[in-house]
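Take a look at the model below. Keep the sequence at hand while reading.

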Amino acid sequence: MKSILVAALAALVFTINAYAAEPVRTIEMNVDGLVCAFCAQGIEKKLRKQAATDDVFVSLETKLVAVALKPDQDIADATLKSLLTEAGYTIKEIKRSETPLATFRAAAQKP
Amino acid sequence: MFKLHPAYALGAAILLVAGPLAAKPIAFQDGRTLMYEYGAGTMQELQAYYAPRYWYSVGAGYLRLDQEDHRFSRDITYTRLNYLVRRWNLSSAQANVFVSGGVGAARGSDFEGTRFAQNAAVQADYETLTFYSSLKSDWQRSSEFSHRIDTLQLGVAPYRHRYDGTATWVVAQARYYSGGLYDGVEGALLLRLFRGPVWFEAGVTTDRKVQTMIMFNF
């Protein structure tokens with residue numbers, strides 16, 4: 001019994017460490033033409049359909065479209081450009097970061 | 001001598017001042033748009049479109065036109081193709097030019113039976129987070145009538161809306177109807193709100209009549 005508890009505890013610690021070590025992976029896209037929330041619905045719709053997408057954040061103020069990726073997954077730049085074009089917009093810049101979407105959301109809430 | 005309608009002159013001035021020139025008839029690839037507009041008793045229109053690509057949509061509509069003194073009315077059912085001629089995605093603005101065309105069937109209170117009808121439209125728009133302008137000319141004709149509805153809209157937003165928030169716009173509109181539908185240019189002041197995939201606007205015209213529109217993108 002004791003060995004089972006130790007093994008379970010070890011597994012728990014390992015899991016926590018594994019999650020802590022996993023960097024948050026975010027795709028940040030600077031998008032031109034992003035001025036109307038009603039018109040930009042297609043961006044979120046298309047990005048959320050991607051298997052690698054965990055969450056999506058759109059800011060009209062900073063012209064930012066950010067995608068939080070699921071672990072060990074990515075979306076190719078060419079696919080991103082195609083998706084945004086199909087939504088009617090133009091990507092100016094794509095970069096990958098470890099910034100969680102919560103950071104962008106908190107910044108957007110500030111007056 | 002060529003005479004430029006005042007609405008076009010103002011639209012041209014906006015284009016010159018604001019640069020290249022958005023309620024848009026095309027949402028996004030695989031997007032659907034449903035629109036209903038009640039135009040102060042003179043026009044009512046229901047439109048439904050599907051966009052296979054971001055640059056064109058196909059759909060159908062129903063337009064009811066009532067002459068302001070109730071001398072005649074039109075009921076036009078039509079199909080339409082909307083095509084995005086050009087889009088400018090700028091760093092802090094977006095501008096578009098659309099053209100549309102189609103065919104349909106029309107009935108009128110002042111003639112017997114159903115007539116083959118054609119329709120064509122052109123729309124240019126320019127918007128930022130706080131300024132909106134659009135100029136649209138929508139033409140419907142048959143062997144019995146020819147009506148054009150020219151609409152100029154200028155809007156300002158009292159605040160910069162967030163993607164997940166409610167957008168508020170105050171929009172001034174000038175509308176001209178040809179073919180004896182309405183005498184002069186009809187003005188209107190509208191309050192436009194949109195949030196998520198729902199767009200709603202309502203206001204009053206210079207004749208103190210109600211104008212309203214609701215639109216969904218999905």
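The paragraphs below go from one chain to the contact between chains, then to two unusual backbone angles.

This is a predicted model. Start with chain B. Its secondary structure consists of one helix and twelve strands. The helix comes at the N-terminal end of the order, and the strands follow it. Chain B has 218 residues, and 39% of them are buried.

Now turn to where the chains meet. Chain B puts 27 residues into the contact, and chain A puts in 21. What classes of residue does chain B bring to the side that touches chain A? Twelve are nonpolar, ten are polar and five are charged.

Next, the backbone. Most residues other than glycine have a negative phi. Two residues here go the other way. One is Asp72(A), with a positive phi near 60°. The other is Arg208(B), whose phi is also positive and near 60°. Neither residue is a glycine.

Where does Asp72(A) lie? Its place is the loop that joins strand S3 (64–69) to helix H3 (77–86) in chain A. Is Asp72(A) buried or exposed? A residue counts as exposed if 12 or fewer other C-beta atoms lie within 10 Å of its own. Asp72(A) has 8 such neighbours inside 10 Å, so it is exposed.

Arg208(B) also sits in a loop, this one between strand S11 (198–205) and strand S12 (210–217) of chain B. Arg208(B) is exposed because 7 other C-beta atoms lie within 10 Å.

Notes:
Residues are numbered from 1 along each chain as its sequence is written. Chains are lettered from A and ligands numbered from 1 in the order in which they are written. This is a predicted model: local features need pLDDT of at least 70, side-chain atom pairs count only at pLDDT 80 or more; totals for chains, interfaces and linings use all residues. Two residues are in contact if their C-beta atoms, placed from the backbone, lie within 7 Å. Ala, Val, Leu, Ile, Met, Phe, Trp, Tyr, Cys and Pro count as nonpolar, Asp, Glu, Lys and Arg as charged, and the others, Gly among them, as polar. Helices (H or I, at least four residues) and strands (E, at least two) are DSSP runs, numbered from the N terminus. A residue is buried if 20 or more other C-beta atoms lie within 10 Å of its own, exposed if 12 or fewer, and partly exposed in between; C-beta atoms are placed from the backbone.
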